[in-house]
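User: I'm new to this one. Can you walk me through it?
Analyst: Sure. Have a look at it, then ask away.

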Amino acid sequence: MALATNQTERTAATTESVVVRYVLTGFALVFLTLFLFVPLVSVFWEALAKGWDLYLAALTDPEAVNAIKLTLITALIAVPLNLVFGVAAAWAIARFEFRGKALLTTLIDLPFSISPVVAGLIYVLLFGAQGWLGPWLAEHDIKIIFAIPGIVLATVFVTFPFVARELIPLMQAQGADEEQAALVLGASGWQTFWRVTLPNIKWGLLYGVILCNARAMGEFGAVSVVSGHIRGQTNTVPLHVEILYNEYNFIGAFACASLLAGLALVTLALKTFVEWRATQQHKGDAVPLEARARLASAH
Amino acid sequence: MNLFNKKHSVLPGFGLGLGYTLFWLCLIVLLPLLALVLKSSELGWQGFWETVSTDRVIASLKLSFGASLVAALINALFGFLVAWVLVRYSFPGKRFVDALVDLPFALPTAVAGIALTTLYAPNGWFGQYLEPLGIKVAFTPIGIMVALTFIGLPFVVRTVQPVLQDLEAELEEAATCLGANRWQIFQRVIFPATLPALLTGFTLALARATGEFGSVIFIAGNIPMVSEITPLLIIGKLEQYDYLGATAIAVVMLMISFVMLLLINGIQWWAGRRHGIR
Amino acid sequence: MKAFISKTVLALSLALSGTAFANTSILNVSYDVMRDFYKDLNPAFQKSYKAQTGQDIAVQQSHGGSSKQAMSVVSGLEADVITMNQAPDIDLLAERGALVPKNWQQRLPDNAAPFTSTMIFLVRKGNPKQIKDWNDLTKQGVAVIIPNPKITGNGRYTYLAAWGQAQKAGGEAKARQYVESLFKNVPVLDAGGRAATTTFMQRNIGDVLVTFENEAEMVAREFGRGSFDVIYPAVSILAESPVSVVDKVVDKKGTRKVAEDYLKFLWSPEGQEIAAQNYLRPRNAQVLAKYSKQFPAIKTFTVEETFGSWKKAMDTHFKDGGVFDQIYAKR
C-alpha cells in the first residue's frame with residue numbers, strides 16, 4: 001500500500017527538480033540497457049536466428065518438455081521450503097536482540113558465496129556411493145543424488161538466503177511498534193503475525209519469492225553435479241541448455257534459455273497483477289493512516 | 001534460549017522463529033559444510049597448506065575476490081540508482097524495466113556468460129566499438145567483472161526497493177519545512193534509512209560473485225595466473241579426481257567469504273544500532 | 001510437513017520415472033558430443049535386439065563432461081554401460097569402488113574402443129596463414145585455439161598430439177620446447193570443446209582450431225561447410241573412445257546380457273556404419289573402405305605407445321604441478 005501512496009502523495013517539496021530526475025532516470029536506464037537489456041535481447045536474437053519453426057521445435061522436443069516439468073517441480077518444492085524458513089529467520093533476527101546475530105546472518109548468507117560446483121560436491125560427499133551416508137542409503141535402496149531429492153536439495157541450498165535476506169532489512173526498517181500495539185490490544189501471537197506483520201511485509205516477501213523462484217529455475221552448477229544428466233529423467237532446463245549447446249545446437253540451447261527468461265517474466269507479470277489488485281482493494285483503506293502513525297511514533 | 005542472551009521483548013515467537021531457523025540452517029547449510037571441512041582435513045595440515053598456498057591458487061583468489069569486490073561496488077552504486085528511479089520517478093515502460101531486473105537470476109549462468117561474450121568479444125555488438133579504443137573486455141579480467149556485475153545486479157535493487165517504497169513522504173516534508181535542501185535530506189534522512197538494505201544487497205552481490213563459475217568461464221579466457229578464477233581451479237582438481245584438493249580450495253574460499261561477510265554484517269548491525277533503526 | 005514433502009517427492013519421482021521403466025531399460029552414461037551418434041545407434045540396436053530375442057528394450061542416455069560423468073558413476077549413478085572419450089575415465093571405475101574389473105580393456109576387441117578419431121586443424125577459408133602442419137602453429141603471429149587441457153578431453157588429446165609428434169621428430173626436450181611455444185600462441189583456454197569452437201567460429205578469434213575429426217563435421221553442420229577449411233597434419237594422435245559394461249550395476253540390476261549385447265552391437269557392421277556416418281573412424285576394415293572418402297589417410301600414434309600409458313601421461317603432464325602447469329608458471 002505504501003507503493004500506491006508514495007507516488008500519489010509526492011509533492012514538489014519531496015521530489016527533485018525535473019533536470020535531476022531526467023538525469024538520474026537516464027543514467028539508470030543506460031546502465032540497465034547495457035548490462036541487462038542488450039544481453040537479454042541477444043539471447044532471444046540467437047534463439048530466433050533461424051526462425052520461429054526451429055525455435056518452437058526446440059521447445060516441444062520431448063526431452064525439453066521433460067526438463068521443463070522437472071524444473072517446475074523442483075522450484076515448486078524448493079521455494080515454499082525456503083519461504084517458511086525465510087519468514088521464521090526474519091522474525092527472529094529483525095524483531096529480537098540477541099547475541100550472535102551478526103554471526104547467524106552471516107551463516108545464512110554463506111550458501112551464496114559457495115561456488116555452485118562445491119555446493120553440489122558437498123551432497124556427493126554426504127550421499128554419494130563413496131560418501132558418508134552412501135553405503136547406508138544403498139543398503140536401504142534410497143536414492144538421493146542422481147535423482148529428484150538431490151536436485152531439490154541442491155536447489156534449496158543455493159536459494160537458501162533469498163527470502164530471509166529480503167525480509168530482514170525491510171522488517172528492521174519497519175520496526176516492531178505495530179506488532180507491539182496489536183499485542184497490547186489483546187491479539188494473539190499468530191493473529192498479530194497474520195493480520196499485522198504479513199500485510200506489512202508482503203511486497204518484500206513477494207520479491208524474495210520471485211528472486212528465489214527465478215534462481216531455483218535457473219540454477220546450473222550445483223544441480224549439474226548431483227543430477228546424473230539422465231535424459232528425460234533428471235535433466236533440468238539449465239542442464240538441457242548446456243547439453244544442447246555442447247551438441248552444437250545453438251538454437252535449441254538459446255530457445256530453452258529464453259524460455260527460462262520467459263518463465264521469470266510470467267512470475268513478474270503475476271506480481272504486477274497482485275500489486276494492482278491490492279491497490280484497487282486498498283483505495284480509501286485506512287492502512288496508510290496507520291502507517292503514518294507508526295512512523296510518527298518511531299521518530 | 002538464555003544462550004543467546006535475548007533482550008526482553010513483548011513479542012512472542014522468538015523460540016519458535018529462532019529454533020526453526022537454526023534447525024533448517026543446520027540441516028541444509030551447516031551439516032553439509034561440516035562434511036566439506038572434515039573431508040579437507042583428511043589432507044592433514046601440511047598437505048592442506050601445500051595445496052592452497054601455490055602461486056596459482058593465490059593469484060586466482062586475488063582475482064576472484066578482487067573482481068567480485070569491484071562488481072559488488074558497481075552494483076551498489078547503480079543498483080541503488082535503479083531502485084531509486086524505479087520507486088520515485090515514473091517514465092514510460094517502467095513496469096517492463098522493473099520486470100527485467102530479476103532476469104539475471106533466471107537465465108542459466110552459462111547462457112548469461114555466452115550472451116555477454118557474444119556482446120563483448122572483439123567482433124561483438126559492443127566489442128567492435130571498444131576494440132579500436134584499445135579496450136579489451138572479453139577474455140580479460142574486465143570481462144570477469146562484467147559477468148559478475150550482471151549476475152549480482154538484482155540483489156541491490158531488490159533489497160533497496162522495498163525499503164525505499166516504505167519510506168514515508170511526511171518525513172521528507174518535515175525536513176523540507178525545517179529548511180533542508182534535497183541533497184541534505186537525501187544524506188541525512190533517506191540514505192541512513194536505506195543503508196542497511198544497501199549493505200545487505202552489496203553483501204549478497206559480493207557473496208554471489210565470489211563463487212560464480214558458469215557465466216565467468218566463457219568470458220574470462222582462463223589463462224593461468226592472469227584470468228583464472230578459483231572455482232576453475234576446483235573444477236581442475238575434480239577433473240583429476242582429486243576430491244581432497246578440491247575441498248581444500250573450497251574451504252579456503254569458504255573461510256575468506258565467511259570472514260568478509262561476518263565483517264560486513266557486523267558493521268551493519270553496529271551501524272543499525274547506532275542509528276537506532278533496528 | 002516433512003512426511004508430506006517426502007511423500008510428494010516420492011510420488012513425483014515415480015510419476016516421472018514410471019513410464020521410462022515400463023520395460024527393461026539400460027542406462028548409457030556417455031560424454032558430451034556423442035548424443036547424435038547414440039540417437040542413431042539406439043533405435044537400430046532396439047530393432048536388432050527385438051528381432052533376435054523378441055524383447056523390447058529401452059536405452060536411456062546421460063551426457064556430460066567425460067571425467068565428470070565417470071565421477072558420477074563412481075558416486076552412484078547407476079550406469080549399465082559407460083562410453084567415455086579416454087581410458088582413464090573407465091580406469092577410475094576400477095580403482096574406486098571396483099565397479100569394473102582391472103582388465104576391462106581386454107574384454108572387448110580393439111582396446112575396447114569401437115571407433116576412433118584424431119586431432120585435425122580447422123583454419124579460416126582459403127588458409128590465409130598457410131598452415132599445413134604442426135610446425136606452422138608455433139610461428140609468430142599465429143593464434144591457436146585449444147580448450148583447457150586441465151579440464152577437457154579435447155584439450156588433453158590436442159596437447160598429447162602436439163607433444164607426441166614433436167617427440168617423434170626430435171625427442172623429449174624438443175617436444176617440451178614445441179608445446180611451450182605452442183601455448184604461447186593460445187589466447188584463450190576455453191573450458192569446453194564447444195566453447196573453443198564458438199570462440200573460433202563465432203568470435204572470430206584465432207587462426208587455427210585444433211579439434212576432433214568428427215567435430216569438424218558437427219561444425220560444418222552448424223556453421224556451414226563453406227566457412228572454413230580442414231587441414232590434416234602429417235601425423236596425429238589416435239583418439240580411442242573406450243566402452244565398458246559396469247559390472248557392479250548390471251549384476252545388481254540383472255541386465256548384464258543386454259548391456260553386453262549393446263556393446264557388441266557397436267562392433268557389428270550396422271553399428272560401425274552408423275559410426276562412420278557420424279564421422280567416427282570405424283574399426284571394421286570393410287566399413288572404413290566404404291567411407292574412405294571422408295577419412296583421408298593419416299599417420300597416427302596411440303597414447304600408450306608414445307607416453308607408456310594413459311596414467312603416465314596424465315601424471316606427467318596434467319597433474320597439478322605437471323608439465324602443463326610448469327609451462328604457465330614459467331611466464
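User: Is A:Phe254 buried or exposed?
Analyst: Keep in mind that this is a predicted model. A:Phe254 has 26 C-beta neighbours inside 10 Å. The cut-off for buried is 20 or more, so A:Phe254 counts as buried.

User: Where is the place of A:Phe254?
Analyst: In helix H14 of chain A, which covers residues 250–282.

User: And which residues does A:Phe254 touch, leaving out those up to four places away in sequence?
Analyst: A:Val43, A:Glu46 and A:Ala47. Take A:Ala47: 207 residues separate it from A:Phe254 along the chain, yet their C-alpha atoms are 4.7 Å apart.

User: OK, on to H2(A). Which of its residues are buried?
Analyst: The list includes the partners just named, A:Val43, A:Glu46 and A:Ala47. The others are A:Thr25, A:Ala28, A:Phe31, A:Leu32, A:Leu36 and A:Pro39.

User: Where is the kink in H2(A) centred?
Analyst: On A:Thr33. The kink is about 45 degrees.

User: What should H2(A) span, at 1.5 Å a residue?
Analyst: 44 Å, because H2(A) has 30 residues. Its end C-alpha atoms lie 40 Å apart, which agrees.

User: New topic. What domains does the assignment give for chain A?
Analyst: Domain 1 takes in 16–47, and domain 2 takes in 51–298. Their centres, taken over C-alpha atoms, are 26 Å apart.

User: How many residues are in contact between domain 1 and domain 2 of chain A?
Analyst: 5 residues of domain 1 meet 8 residues of domain 2. On the domain 1 side, 4 are nonpolar, 1 is charged and none is polar.

User: Now the other chains. How many residues of chain A are in contact with chain B?
Analyst: 100 residues of chain A, against 98 residues of chain B. H2(A), residues 18–47, gives the largest share of the chain A side, with 15 residues. By class, that side has 65 nonpolar, 20 polar and 15 charged residues.

User: And how many residues of chain C are in contact with chain A?
Analyst: 30 residues of chain C, with 26 residues of chain A on the other side. H1(C) gives the most to the chain C side, 7 residues.

User: Which other elements of chain C give two or more residues there?
Analyst: Helix H2 (35–53), strand S2 (58–64), helix H3 (66–74) and helix H7 (213–223) of chain C.

User: What is the make-up of the chain C side by class?
Analyst: 10 nonpolar, 13 polar and 7 charged residues.

Terms used. Residues are numbered from 1 along each chain as its sequence is written. Chains are lettered from A and ligands numbered from 1 in the order in which they are written. This is a predicted model: local features need pLDDT of at least 70, side-chain atom pairs count only at pLDDT 80 or more; totals for chains, interfaces and linings use all residues. Domain bounds come from an automatic or database domain assignment. Two residues are in contact if their C-beta atoms, placed from the backbone, lie within 7 Å. Ala, Val, Leu, Ile, Met, Phe, Trp, Tyr, Cys and Pro count as nonpolar, Asp, Glu, Lys and Arg as charged, and the others, Gly among them, as polar. Helices (H or I, at least four residues) and strands (E, at least two) are DSSP runs, numbered from the N terminus. The expected span of a helix is 1.5 Å times one less than its number of residues. The bend at a residue is the angle between axes fitted to the seven residues ending there and the seven starting there. A residue is buried if 20 or more other C-beta atoms lie within 10 Å of its own, exposed if 12 or fewer, and partly exposed in between; C-beta atoms are placed from the backbone.
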